[in-house]
Amino acid sequence: PSARSSFEQSVALQRSIVERGLHERVLIDDISPDVLSRAVVRSFIDVEQRWASGHLTNAGFLDAARHGAALVWLSAAAPDARPTLLRILQPK
């Protein structure tokens, strides 16, 4: 139950970010804020599990978290926001 509660709190935080992005027209409204919020949280959980199992260093964790979030945000990004997200996704 506490894991579920933590997940829902994380989704609620992301939802407020998504709603702000919609309001500021950084995101398009073709996708539900709830769906997008859950996808971002799941992306972070995946990265966290890879880090906890020793597959990522701390720096690798940060890069993977940014990459995962950028992929999710890209699905709903307004045209003006896409170049920034695509830069995050470019290999270093």
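Trainee: Which residue follows α2, and what is the sign of its phi?
Mentor: Gly-54 follows α2, and its phi is positive, near 90°. Keep in mind that this is a predicted model.

Trainee: How do you know that the span of helix α2 agrees with its number of residues?
Mentor: Helix α2 covers residues 33-52, which is 20 residues. At 1.5 Å a residue they should span 28 Å. The end C-alpha atoms are 28 Å apart, so the two agree.

Trainee: What does the side chain of Ser-32 reach at the start of α2?
Mentor: A side-chain oxygen of Ser-32 comes to within 3.1 Å of the backbone nitrogen of Asp-34. The cut-off for a polar contact is 3.5 Å, so this pair lies within it.

Trainee: Why is α2 called roughly antiparallel to α3?
Mentor: The axes of α2 and helix α3 (residues 58-74) cross at roughly 160°. Angles over 145 degrees count as roughly antiparallel, so α2 is roughly antiparallel to α3. The axes come within 9 Å, and the crossing is right-handed.

Trainee: Which residues make the contact?
Mentor: From α2, they include Leu-36, Val-40, Ser-43 and Val-47. From α3, they include Ala-64, Ala-65, Gly-68, Ala-69, Val-72 and Trp-73.

Trainee: What makes a residue of these helices count as buried?
Mentor: The cut-off is under 20% relative accessible area. In α2, Leu-36, Val-40, Ser-43 and Val-47 are among the buried residues. In α3, the buried residues include Ala-64, Ala-65, Gly-68, Ala-69, Val-72 and Trp-73.

How values were computed:
Residues numbered from 1 in each chain as written. Predicted model: local features only at pLDDT ≥ 70, side-chain atom pairs only at ≥ 80, totals over all residues. Heavy atoms only, no water. Helix = DSSP H or I, 4+ residues; strand = E, 2+ residues; numbered from the N terminus. Expected span 1.5 Å × (residues − 1). Buried < 20%, exposed > 50% of the residue type's maximum accessible area, 1.4 Å probe, protein only. Polar contact = N/O pair within 3.5 Å; in protein donor to acceptor, adjacent residues only side chain to side chain. Axes fitted to C-alpha atoms, helices over the stretch in contact; angles between N-to-C directions. Parallel < 35°, antiparallel > 145°, perpendicular 65-115°, else oblique. Left-handed = near helix turned anticlockwise from the far one by under 90°. Contact = heavy atoms within 4.5 Å.
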